[in-house]
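Thanks for coming. I have one structure to go through today, and I will put it on the screen now.

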Amino acid sequence: MAATLCGRSRALGYCWPSVVLSFALLAALLMPVALNKLAARGIGKLASPVQQRLALSNSSKSRALNVTASTSKANNGSGYSSSRSSKISSGTSPTAVRSVSGKANMSSQQFKYRDPIVFNARDKHTGTVIMLHGLGDSGDGWAPIGAEWAPELRHVKFVFPHAPRRPISVNFGMQMPGWYDIASLEDIDQKEDKDGLHESKRYIEELIEKEVAGGVPSERVVVAGFSQGGAVALMALRSQHKLAGVIGLSTYLPLRKEPPLVSDANMQTPIFQAHGDQDYTVGYQFGVTTYNLLKELGANITFKTYNGMAHGAVPQEIADVAAFIKKVLPPK
């Protein structure tokens, strides 16, 4: 058949079926390479920086993390119902305390949000940390850090939300978990998804309000995030809820031309910002620019550079974040 078609097409100077077949084979060979390049830049369903770090740490320490969460079957007014303890094996994502309803929350007309992973406070609950993951990840990716910090922050509840799935322009429009769309990594603060950013901010405000309804004032809530999640965490500075602190890891300040960037309520809220100087996914300069802008506005911000760190996390950074949380959420 192919030979017959080639015979008929040679009059045109080419064997067109062969040309088409060659292009198809070339595309098949190059597609995995293109996808691998995207993955290397942090786009796609990859292990989170915490999973990678814990895997390395646990392989050297040969230990497993054992987490015992609250077994209360009531939601205690917090908006989250939970009922089971969990055991986290080294290098794996935990199945921590999570809603047993099995239903997704419809928090907007467009996106469905799965119930967050929750580690309840081991002692009296007087503070909450909401930690937002990066693009393509889920709350499971950062949840191991809740297990790591829980023994020293027994009064703190850790909440790890899941971003809804949405088309991501920089990834050829493929759907993946994301807090908002991204059009370019080189100009990450240009052509911004204003609607997506505001929707994610609204959802985080909803989580904060659930904590307030459960008896924890917003001044005892920390909003933290990595990469895309960090950008949403910095959006929380616009909230009228006064927060205990905000943490932005390997991230940048979105919607810089849309004031107010910091509300009056959070002008004195402590901000911890951290970035690796070898980050080529969210460039280090984006972090520096963010710090300078917030500092000029009078925000209470601290910026730390981690030499040699790419778009990920290192043990010293995780320790510094824990120290910040202890400072802004002391036992009460």
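In which sense do strands β5 and β9 pair, and over how many bridges? This is a predicted model, and in it β5, residues 127–132, and β9 pair in the parallel sense over five bridges. To place one of the contacts, L132 has G225 in β9 as its bridge partner.

On to the other neighbour of interest. Strand β10, residues 245–249, runs parallel to β9, and five bridges join the two. Here V222 stands opposite G245 in β10. Between these strands comes a helix: β9, helix α7 (residues 228–235) and β10 make a right-handed β-α-β unit.

Now burial. Strand β9 covers residues 221–226, and six of its six residues are buried. In a regular strand the side chains alternate between the two faces of the sheet. For β9, one side carries V221, V223 and G225, the other V222, A224 and F226, and all of them are buried, so both faces are covered.

Next, the aromatic rings. How many aromatic pairs does a search of the whole structure find? The search finds nine. One of them is W179 with Y203, a stacked pair with 6.4 Å centre to centre and 25° between the planes. W179 lies in the loop between β8 (174–177) and α6 (194–213), while Y203 lies in helix α6, so the pair ties together parts 24 residues apart in sequence. Both rings belong to buried residues: W179 has a relative accessible area of 0%, and Y203 has 1%.

A second pair is Y291 with F303. Their ring centres are 5.5 Å apart with the planes at 40°, so this pair is tilted. Y291 sits in helix α8, residues 284–296, and F303 in strand β12, residues 301–306, so parts twelve residues apart in sequence are tied together. Y291 counts as partly exposed, because its relative accessibility is 22%.

Going back to W179 and Y203, ring pairs link these two with Y113 into a cluster. There is also a charge over a ring: R166 lies over the face of F111, 4.1 Å from the ring centre.

Last item, helix α9, residues 315–328. At 1.5 Å a residue, its 14 residues should span 20 Å, and the end C-alpha atoms are 20 Å apart, which agrees. Buried residues in α9 include I318, V321, F324, I325 and V328, and E317 and D320 are buried there as well.

That is what I have; questions, please.

Methods
Residues are numbered from 1 along each chain as its sequence is written. This is a predicted model: local features need pLDDT of at least 70, side-chain atom pairs count only at pLDDT 80 or more; totals for chains, interfaces and linings use all residues. Side-chain values use heavy atoms; hydrogens and water are left out. Rings of Phe, Tyr and Trp (its six-membered ring) pair if their centres lie within 6.5 Å; planes under 30 degrees apart count as stacked, over 60 as edge-to-face and the rest as tilted. Helices (H or I, at least four residues) and strands (E, at least two) are DSSP runs, numbered from the N terminus. Buried means under 20% relative accessible area, exposed over 50%, partly exposed in between (1.4 Å probe, protein chains only). A charge sits over a ring if NZ of Lys or CZ of Arg is within 6 Å of the ring centre and within 35 degrees of the ring normal. The expected span of a helix is 1.5 Å times one less than its number of residues. Two strands pair if DSSP finds at least two bridges between them. A crossover is right-handed if, with the strands pointing away from the viewer, the path from the first strand over the helix to the second runs clockwise.
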